[in-house]
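Hi everyone, thanks for making time. I'd like to walk you through one structure today, so let me put it on the screen.

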Amino acid sequence: MPHPHILTARDGAVAIVTIDRAAKRNAMDLPMWVALAEAMEEASADDDLRCVMIQGEGEEAFCAGADIAAFQQERGTPEREAAYGEGFDRSMASIQRCRHPVVAACRGWTMGGGAGIAIKADFRVGGPATRIGIPARNLGIWYAYSDLDALLQITGYAVAMEMLIEGRVLTGQEAYDKGLLSRLVPDEAVKAESLALAHRIAAGAPLSNRFHKQALQKLRGALPVTEEDRRRNGDFAYSEDFREATRAFLEKRKPVFRAR
C-alpha cells in the first residue's frame, strides 16, 4: 500500500523516491522504513528504470534519521525489536541491493538512519549546509555490522571512528574532503544536480551499470561476522542507557549514561 510519507515518481528512466515528512525533518518511523524498502524493491524489479534518486522533502533535511519519539511504541520488547530490526534492515538492504545505481540528494540534515540511507546509496550529492552524522553514542545504540561495513568502505577507519565514537557531525565540505560526499555543489543545486547525475547514469548501458555495481560489492568480500554477532546487534534496546537516552530526548535534556 502507498505510504503518505514515502512518495515515488518517474522522470523518464529515473525513479525519484521522496521522504515527505518535512515537519519532522523527514524522520522515519517503522512504517516509513518498511514503505521505503517496498519502494526500493519495486524500483529494483522495474526493467525500464536505469537509476533511482532518493531525496527529502523541503530544504532543511534529507532525513534526520529514526523518529525517536516513536521508540516507546515501536521498541523495547523482543517482539517489537524483531519487527523494528526486520523493517530497518530490509530498508537498508533494499538500497544496497537495488539493481540500479542509487543517488542520494543530501540537502541539509543527513543524520543517523538518514546517513545510513545515504551511505547505502552509490552516489551522494551535498552542499555546504549539508550535515552528516551518526549520533549513536548520544542514544546508547549501535549499528549492524553491514551498516558499519558500508561506512568503513567509503570513509576508512579514521573517519568512521570520528563519526561513531567522537560523534562528529561533518559539514558538507568536510564530508566531501573525507570522501563521504561524491560531489559538493551549492545548496540550492543539490536536488537538481542529483537528478542530472541520475540522468547521466541512466544514459549509460544498464547491463554494464548493473554488473559493475554488483561486482564492486562482491569484491568487498564477506564480513567475518558470526551469527552470535548478528544476534547481539539489537541488545542495546534492553539497556538502561538506551531507555535513559530516549527519555532524555523527549524531555529535551542531556542523558546520563551509566554503562548498564
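Let me start with a small puzzle: which residue in strand 10 does Val125 stand opposite? Before I tell you, please keep in mind that this is a predicted model. The residue is Arg183, which stands opposite Val125. Those two belong to a parallel pairing: strand 7, residues 123–126, and strand 10 are joined over 2 bridges.

Now let's zoom out to the sheet. There are 6 strands in an open sheet, and their order is 1-2-3-5-7-10, with mixed pairing. Strand 1, residues 6–11, and strand 10, residues 183–184, are at the edges; each has a single partner strand, so one side of each has no neighbour in the sheet. Packed on the sheet we find helix 9, residues 190–202. Helix 9 touches strand 1, strand 2 (14–19), strand 3 (51–56), strand 5 (102–106), strand 7 and strand 10. For those of you who like angles, the direction of helix 9 makes about 170 degrees with that of strand 5.

Next, have a look at helix 4, residues 113–120. Of its 8 residues, 8 are buried, so helix 4 is largely enclosed by the rest of the structure. Among them are Gly113, Gly114, Ala115 and Gly116, and the list of buried residues also includes Lys120.

Let's move on to the rings. How many aromatic pairs does a search of the whole structure find? The search gives 2. In one of them, the ring centres of Trp33 and Phe88 are 4.8 Å apart with the planes at 80 degrees, so this pair is edge-to-face. Trp33 sits in helix 1 (residues 30–44) and Phe88 in helix 3 (residues 78–96), 55 residues apart, so to speak a link between distant parts of the chain. Trp33 and Phe88 are both buried.

Then we have Phe71 and Tyr84, with ring centres 6.0 Å apart and planes at 85 degrees, so that pair is edge-to-face too. Phe71 is in helix 2 (residues 71–74) and Tyr84 is in helix 3, so the pair ties together parts 13 residues apart in sequence. Both of these residues, Phe71 and Tyr84, are buried.

One last thing on that pair, and it involves a charge. Arg75 lies over the face of Phe71, 5.0 Å from the ring centre. The charged end of Arg75 also sits over the ring of Tyr84, at 4.1 Å from its centre.

That's my tour; happy to go back to any part of it.

Conventions: Residues are numbered from 1 along each chain as its sequence is written. This is a predicted model: local features need pLDDT of at least 70, side-chain atom pairs count only at pLDDT 80 or more; totals for chains, interfaces and linings use all residues. Side-chain values use heavy atoms; hydrogens and water are left out. Two strands pair if DSSP finds at least two bridges between them. Helices (H or I, at least four residues) and strands (E, at least two) are DSSP runs, numbered from the N terminus. Contact means heavy atoms within 4.5 Å. Axes are lines fitted to C-alpha atoms, for helices over the stretch in contact, and angles run from 0 to 180 degrees between N-to-C directions. Buried means under 20% relative accessible area, exposed over 50%, partly exposed in between (1.4 Å probe, protein chains only). Rings of Phe, Tyr and Trp (its six-membered ring) pair if their centres lie within 6.5 Å; planes under 30 degrees apart count as stacked, over 60 as edge-to-face and the rest as tilted. A charge sits over a ring if NZ of Lys or CZ of Arg is within 6 Å of the ring centre and within 35 degrees of the ring normal.
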